[in-house]
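Here are my notes for you, written as numbered points. Keep the viewer open and click along as you read.

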Amino acid sequence: MWRNWAGDEACAPVAIERPGSVGEIVAALERAAAAGERVRVAGAGHSFSDLVCTEGRLLTLERMDRVLDVDRASGRVRVEGGIALHALSAALAEHGMALENLGDVDAQTIAGAISTATHGTGARLPNLSAQVEAIELVLADASTIVCSAADDPAAFLAARVGLGSLGVIAAVTLRCVPAFTLRAVDRPAPLEETLARLEQLGDESDHFELFTFPHTRTALTRTNNRVEQAPRPRSRAAAWAQDVLLTNHAFHAFCLAGRAAPPLIPAINRLVTRLAGSSVRIDRSDRVFASPRLVRFTELEYALPRERTAEAVRRVLALIEARGFRVPFPIEVRLVAPDDAYLSPAHGRPTGYVAVHVFKGMAWEPYFRAVEEIMDGYGGRPHWGKRHFQSAATLAPRYPRWGDFQTVRARLDPDGRFTNGHVERVLGPPTPIGARVAG
Ligand SMILES: Cc1cc2nc3c(=O)[nH]c(=O)nc-3n(C[C@H](O)[C@H](O)[C@H](O)COP(=O)(O)OP(=O)(O)OC[C@H]3O[C@@H](n4cnc5c(N)ncnc54)[C@H](O)[C@@H]3O)c2cc1C
């Protein structure tokens, strides 16, 4: 059996293979072709949906986790597709380098993270896949191609955010930056005032985000700015007390109480918000961006035109009150710069991301469907690794380069070797090039 991180999506592939080289990937693909099986590749299983699941052959690249080449002068770093972001950050730090941005965890693999357009926050910073210079992709026919702006520009724009539907990402070349220190300021602030200034706050800082617990009127803001200072790492005990004890174990206890007695959730949320004080940290960038997440949950997240983000958050909060949803998890709001990958949810527009979460074991579907209806009204594009209810028919009009992606998909995976039920739902069935109508 294979299970995702949240533990609520599972599948029973005919085989799980752990190739250690391109040659072993090719051999696995040949076995799949001979048996007429479909293939999916799993990263760290941090997607919330059944995106990875297959009853065919599942590959994981956990043995392909090496840094292959580091060029400090150009900032280019070539790594195997299975390397975890935390291992990559640690290796980069040894060379005085870093990724320019990260999401709020770093357990994902590089291939998995870029394939769903994983993002952090920063109005001037695009999602992680926009840091990619080249992708080495092993195709269903066992050939390997290099997707880069120079070698194959269309495949490059498709494979940067490809949902695992084009081939196996064996290696990735990234554009990295010199190591930097962040000053992180966490501070509660009045919600309405913060939402009203959301774009300004985003423009004024390198990385701004806010969390707000439903049933409260407070924004828990997090502002990270680059500083020319040496990092001042916390002691292990202090880091554990903050990141594990308070942010995870205490929060978990509150979530359990809320799940057992939903009418208490508004009071619990107000208490958690009051307990979240202000703090300042100065540390290496990756240690500030990412922290451990031990409380299991599921999530839906939408990319919206940036200027509509605050309004969308207000509507979600109003919806929660009107429909009587009881939600013990905060709503998270981040800002991301536009990019040009065909299927990037931030394609071509400054973007605000709004994420809603539900604690493991609580009903999420009615809440997520109602939130999605709001997001639909803004032409919202779902995060490819999180839950949503869209189909290829509803998504195609939201992506100006949808047809270009499908053309590349038909060229690279004409028989749909890398398809599963989820991919067919959100991208449509694979169509051989000759049979395609441009769209
Ligand atoms: C606790 C938690 C926190 C998160 N925080 C953030 C966040 O801050 N920002 C954000 O944007 N997202 C966030 N996510 C979502 C997560 O970043 C994405 O779902 C990401 O895709 C997971 O990467 P993974 O390595 O686990 O890949 P998986 O979920 O295992 O796979 C994701 C996709 O990548 C494909 N894939 C994986 N490896 C390969 C390969 N070698 N070749 C081809 N295809 C491949 C898979 O087939 C699948 O389509 C979070 C998720 C969790 C559980």
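1. Start with Ile320, which sits in helix α10. Remember that this is a predicted model, so every value below is computed from it. Is Ile320 buried or exposed? Its relative accessible area is 0%, and anything under 20% counts as buried, so Ile320 is buried.

2. Now look at what surrounds Ile320. Setting aside residues up to four places away in sequence, Ile320 touches Pro214, His215, Phe325, Ile331 and Tyr367. Try one distance yourself, too: Ile320 and Ala370 are 50 residues apart along the chain, and their C-alpha atoms are separated by 9.2 Å.

3. Zoom out to the whole of α10. This helix has 15 residues, and the stretch from its first C-alpha to its last is 21 Å, close to the 21 Å expected at 1.5 Å a residue. Which residues of α10 are buried? They are Thr309, Ala310, Ala312, Val313, Val316, Leu317, Leu319 and Ile320. Right after the helix comes Gly324, with a positive phi near 70 degrees.

4. Next, the partner helix. The axes of α10 (residues 309–323) and α11 (residues 365–376) come within 10 Å of each other and cross at roughly 145 degrees. That crossing is right-handed. On the α10 side, the contact is made by Ala312, Arg315, Val316, Leu319, Ile320 and Arg323, and on the α11 side by Tyr367, Ala370, Val371, Ile374 and Met375. What kinds of residue are these? The contact of α10 with α11 has 9 nonpolar residues, no polar ones and 2 charged ones.

5. Helix α1 is a nice one for checking a helix length. It has 14 residues (22–35), which should span 20 Å at 1.5 Å a residue, and its end C-alpha atoms are indeed 20 Å apart. Its buried residues are Ile25, Val26, Ala28, Leu29 and Ala32. Why do they sit on the same side of α1? Because they cover an arc of only 160 degrees around the axis.

6. What do those buried residues of α1 pack against? Their partners are the strands β3 (15–17), β4 (39–42), β5 (57–60), β9 (132–138) and β11 (168–175). Just after α1, Gly36 takes a positive phi of about 65 degrees.

7. Compare that with α8 (265–275). In α8, the buried residues are Ile265, Pro266, Ile268, Asn269, Val272 and Thr273. Seen down the axis of α8, they fall within an arc of 160 degrees, so they line one face of the helix. Arg274 and Leu275, on the other side of α8, are exposed.

8. Carry on past the end of α8 and you reach Ala276, in the loop that leads to β16 (279–284). Its relative accessible area is 24%; buried would need under 20% and exposed over 50%, so Ala276 counts as partly exposed. Not counting residues up to four places away in sequence, Ala276 touches Pro188 and Leu220. Ala276 and Trp402 are 126 residues apart along the chain, and 42 Å separates their C-alpha atoms.

9. Two residues deserve a look for their backbone angles. Ala142 has a phi near 80 degrees, a positive value in a residue other than glycine. Ala142 lies in the loop between β9 and β10 (144–148), and it is partly exposed at 22% relative accessible area. Leu163 is not a glycine either, yet it has a positive phi of about 55 degrees. You'll find Leu163 in the loop between α4 (153–159) and β11. Is Leu163 buried or exposed? With a relative accessible area of 2%, Leu163 is buried.

10. Finish with Leu157, which belongs to helix α4. At 16% relative accessibility, Leu157 falls under the 20% cut-off, so this residue counts as buried. Leaving aside neighbours within four places in sequence, Leu157 is in contact with Asp340, Ala341 and Tyr342. How far apart are Leu157 and Phe405? They are 248 residues apart in sequence, but 8.0 Å apart in space, C-alpha to C-alpha.

Terms used: Residues numbered from 1 in each chain as written. Predicted model: local features only at pLDDT ≥ 70, side-chain atom pairs only at ≥ 80, totals over all residues. Heavy atoms only, no water. Axes fitted to C-alpha atoms, helices over the stretch in contact; angles between N-to-C directions. Helix = DSSP H or I, 4+ residues; strand = E, 2+ residues; numbered from the N terminus. Left-handed = near helix turned anticlockwise from the far one by under 90°. Contact = heavy atoms within 4.5 Å. Nonpolar A, V, L, I, M, F, W, Y, C, P; charged D, E, K, R; others polar. Expected span 1.5 Å × (residues − 1). Buried < 20%, exposed > 50% of the residue type's maximum accessible area, 1.4 Å probe, protein only. Arc of directions from axis to C-beta.
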